[in-house]
Amino acid sequence: MTPHPAADTRLLPATDHVLSPHTGYTRAHWEAMADRLLDALLPYASPGLAQYRLPGRTGHSGAWSDGVEGYARSFLLAAFRIAGADGRDQPGSTTVTGLLERYAAGLAAGTDPDHPEHWPPVTDRAQPMVEAASVAIALHETRPWLWDRLDDRVRHNTAAWLGGFVGATANDSNWRLFQVIAEEFLASVGAPYRRSEIDAGLARLDDWYRGDGWYTDGDGRKFDYYNAFALHLYPALWARIAGPRADPGLVTTHRERLRAFLETHQYFFGSDGAPVHQGRSLTYRYATAAPLWAGALTGATPLPPGRTRRLASGALKHFTDHGVPDDKGLLTLGWYGTYLPATQPYSGPASPYWASKAFLGLLLPADHPVWTAAEEPGPVDTADRVLALPGPGWLLHSTAADGIVRLVNHGSDRQPPPPAALPTSPHYTRLAYSTATAPQTPPDDTPVVADHHIAVLGPTGASLRRRIHPLHLTGRSAGSWHEAEDPDALGHATGRISTVSVVHGPWEIRIHHVRAAAGSTIRESGWSVADGSPCTAETSPGRALVRRADGLTSVLRGLLGWSGDAVLPEGDVVRGNGLNAYGDHSAVPTLTLARHPGGTHVLATLVVLTKDPALLGDQDALWRGCAARLAPDGSVEVSFPDGRREKAPSCRLPGPSEG
C-alpha cells in the first residue's frame, strides 16, 4: 500500500540493520528528522520568530492562536534536540546554537505585550493554555542554556504570561495537567503560583484512573491516545520540573501506573510500526511513542531497551515511509497526507507538531541502552496475541504472519456521563479498529455506510451507536450493548442491540441480539479497506470480500440468523472516494437482513482482516469451518477455521427500563 509517496530518505543517515535489525533507525535518524522538521518551519516564521504561520486550515481558536501553536510545539522539539546535545553544537554544525538563538528571540517577542507579535493571554479554557505547557516544558529542559541566560525583562514577561494560569479554569480533562506543568515551572523560577491548583490537577488523575495503567480523559468513557501523550507523559515531565518539591509517594504512583500502561501499550503497534488508528488527535501521529521514552527516562518501563527503540523507531519509520513529513518538510493535518476528516475542529495547521513529543528519547544520552542495545522484536513480531483490557473495554488480537493489530471496541465512546450527550464520532463508536485500516470519515455531514457497525435502517438513515454499555470482557470475549438511536432524533431509539465478540487469530465472530420492530431492516458492515486505487471485490449469498492490491483482505460472512425466507442475502460492497485516511478509494463489505422477525433476533457474523499469505493462497481458508450454533441456555457456540471452539456467553438485552 502506497497512498502517499515516501518521504525523501536521502535526508536521513544510512540505515544500520546490525544495531537495528527491524527498522534500521538509530539515534542519528531521530536527530536528523528533528533537524529536518525544525529547518522546514523557518520559511513560515514571523519576523520576530514568535509565531510560525503554516499553510492549512485555521483552527477554531483563530490564526493568532495557530501562530503561537507553531512556536510552542516546535520549541518542544527544539528543546529535546538542544538538551539531547547537552546544549553544544556537534563538530561542523551550528544547529544547537541556531535553535537557542531562534527560540530565545521568539520568546522575547511573544511574551512582550507591546510587541506586534505578542501572544494571546492565557485565560480560562483558552488554547494558549495548551501551548503554555509546551513552552514551560521546553524552558525547563533547556534551562542552563536558555532561561538562565535570558535578561531579566524577558524572564519577567515570560513568567507574567505563564502566570495567566494562576486562578484560571482549565477544561476538566487532560488540560488540568497543562496548569500543573506551567505553575510548577513558575514555582521553579520563583514566580507566583498556587500549590493548591497543582495539587488539584494531579488529584483529578486519581478520579479518572480505571486500573492497569488506563485513564479516561475526563469523566465518562473517553479512552484513546491521550493516555499516551498526555495523561502519563505530563506527570512524568512534572516530576522532572518539580524535583525535590514533588511528593515522592505521588511520583511513585505515577511511575507504577506508567509501567502498567506500557505493559499493554506495546501491543498497539503493528509490525510495520503503524499505531492502531483509534481516537482523536490522530494527526499527532508518532506522538504515540512518547510514553515509551518516558518509561525509559523515569526508570518506569517493563520493556527491554531494544524493544523500546524498536517500537518508537518503528512508528517514526512507518510515517516516513508514507510521506511524512511532506515534500516541504511539514507535518500536515491528516494521517499520511492531508486529510481533514481525520482531524478535529480545534486542530490548526501547526497542531500536528505535538508529534514533537515522540522525540523525548533524545533527552536520554547517546550511551543509554535504549540507543546502544540491539533492537528486540515487538509483541506482534513473534506470536499471535490476544489481550483483554477491562479499563477501556477493549480486546486486542494481533497476528504475527501479517503484523496487524486489531482492537475490538466494547468500552470507549467519548460520551460524558448521562444525561449529557455528544455527537457520535467514527473514531470512537465503531466496533473495531486496526493498524492497517481507518474508519470511513466523510468530509462533511453527508451520510455514508459506516464500517464496523450494525444498524437498524429507518426513514432517516442508519441507527447510531452513541453510548456503549460494557457487559463483559475476559479472555477472548467481550460484550456490550447500545441503543440503536435514530440519527435525526437524539435519544430516540429504533431498537436495542447487544454484541458479543469472540476473537482468534485474524478472525472475529460477532453475536448480536437485535431487538427491533417486525419488518425492520438490519445492516452490518466489516473492515473498510482503502488504497490509492480501487480495491477488488467479490460477493455471494451471505458473504462479501474486499481485497487491496497488496493483499490486505476484509471479509464479512453471515453465520447465523441472516437467512430471510430460508435464503441468505447477497453480500454487498459499498465503495467510496475521499472517505478514508488510508487512501482515496475505499470499500466496505456489508450484509443486510431485509426483514427483522420482531422481538429479539440473534445474528452471528464472521469478520476477517488479514494479509497472511497462507490464508490468501487458499481463499476458502478464510472462512472454512467457521460456524455459530445457538445453545438452549442462550449462549452461542462458535468454531474457527483451525478447529478452535469457544462458547460465547449469553448477553441478555436489558429491558426498556434498565440500563
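Me: In this predicted model, which residue of β2 does A388 stand opposite?
Reply: The model is a predicted one, and in it strand β1 runs antiparallel to strand β2, residues 394-399, with 5 bridges joining the two. Within that pairing, the residue of β2 that stands opposite A388 is L395.

Me: In the open sheet of 4 strands, which strands stand at the edges?
Reply: The sheet is open, its pairing is antiparallel, and its strands follow the order β1-β2-β3-β4. The twist from one strand to the next averages 15°. Two strands have a single partner each, so that one side of each is left without a neighbour in the sheet, and these edge strands are β1 (385-389) and β4 (432-434).

Me: Where is P419 found, and what is omega for the peptide bond that leads to it from P418?
Reply: P419 is found in the loop between β3, residues 404-409, and β4. Most peptide bonds are trans. The bond from P418 to P419, by contrast, is cis, with omega near 10°.

Me: Which loop holds P325, and what is the omega of the bond from V324 to P325?
Reply: P325 has its place in the loop between α12 and α13. The peptide bond that runs from V324 to P325 is cis, and its omega is near 0°.

Me: Why is the pair of W30 and F359 called edge-to-face?
Reply: A search of the whole structure finds 33 aromatic pairs, and W30 with F359 is one of them. This pair links distant parts of the chain, since W30 lies in helix α1 (residues 27-41) and F359 in the loop between α12 (305-321) and α13 (369-372), 329 residues apart. The ring centres are 5.1 Å apart, and planes over 60 degrees apart count as edge-to-face. The planes of W30 and F359 meet that condition because they stand at 80°.

Me: Why is α4 described as oblique to α6?
Reply: Two packed helices are described by the angle between their axes and the distance between the axes. For helix α4 (residues 128-141) and helix α6 (residues 175-188) the axes lie 8 Å apart and the angle is about 40°. Angles under 35 degrees count as roughly parallel and those of 65 to 115 as roughly perpendicular; the angle here falls in neither range, which makes the arrangement of α4 against α6 oblique.

Me: How many nonpolar, polar and charged residues make the contact of α4 with α6?
Reply: α4 passes α6 in a left-handed crossing. On the α4 side the contact is made by M129, V130, A133, A136, I137, L139 and H140, and on the α6 side by W175, F178, I181, A182 and F185. By class, this contact has 11 nonpolar residues, 1 polar residue and no charged residues.

Me: What are the angle and the axis distance for α2 and α3, and how do the residues of their contact divide by class?
Reply: Helix α2 (residues 63-84) packs with helix α3 (residues 95-110) at an angle of about 145°, their axes being 10 Å apart, and the crossing is left-handed. Y71, S74, F75, A78, R81 and I82 of α2 meet T95, V96, L99, L100, Y103, G106 and L107 of α3. The residues of this contact divide into 9 nonpolar, 3 polar and 1 charged.

Me: Which residue takes a positive phi in the hairpin of β14 and β15?
Reply: Strands β14 (residues 536-540) and β15 (residues 543-547) pair in the antiparallel sense over 5 bridges, with T536 standing opposite R547 in β15. The hairpin has 2 residues between the strands, and the residue that takes a positive phi, near 75°, is G542.

Me: What is the phi of G634 in the turn between β20 and β21?
Reply: Strands β20 (residues 627-630) and β21 (residues 636-639) pair in the antiparallel sense over 4 bridges. The bridge partners in β21 include E637 for R629 and S639 for A627. The hairpin has 5 residues between its strands, and in the turn G634 has a positive phi of about 95°.

Me: In the open sheet β20-β21-β22, which strands have a single partner strand?
Reply: This sheet of 3 strands has antiparallel pairing, and its neighbouring strands are turned by 20° against each other on average, direction ignored. The strands at its edges have a single partner each, so one side of each is left without a neighbour in the sheet; these strands are β20 and β22 (645-648).

Me: Where is S281 placed, and what is its phi?
Reply: S281 has its place in the loop between α10 (248-265) and α11 (290-298). Most residues other than glycine have a negative phi. S281 is a residue other than glycine with a positive value, its phi being near 55°.

Notes. Residues numbered from 1 in each chain as written. Predicted model: local features only at pLDDT ≥ 70, side-chain atom pairs only at ≥ 80, totals over all residues. Heavy atoms only, no water. Axes fitted to C-alpha atoms, helices over the stretch in contact; angles between N-to-C directions. Parallel < 35°, antiparallel > 145°, perpendicular 65-115°, else oblique. Left-handed = near helix turned anticlockwise from the far one by under 90°. Contact = heavy atoms within 4.5 Å. Nonpolar A, V, L, I, M, F, W, Y, C, P; charged D, E, K, R; others polar. Pairing = 2+ DSSP bridges. Phe/Tyr/Trp six-rings, centres within 6.5 Å; stacked < 30°, edge-to-face > 60°.
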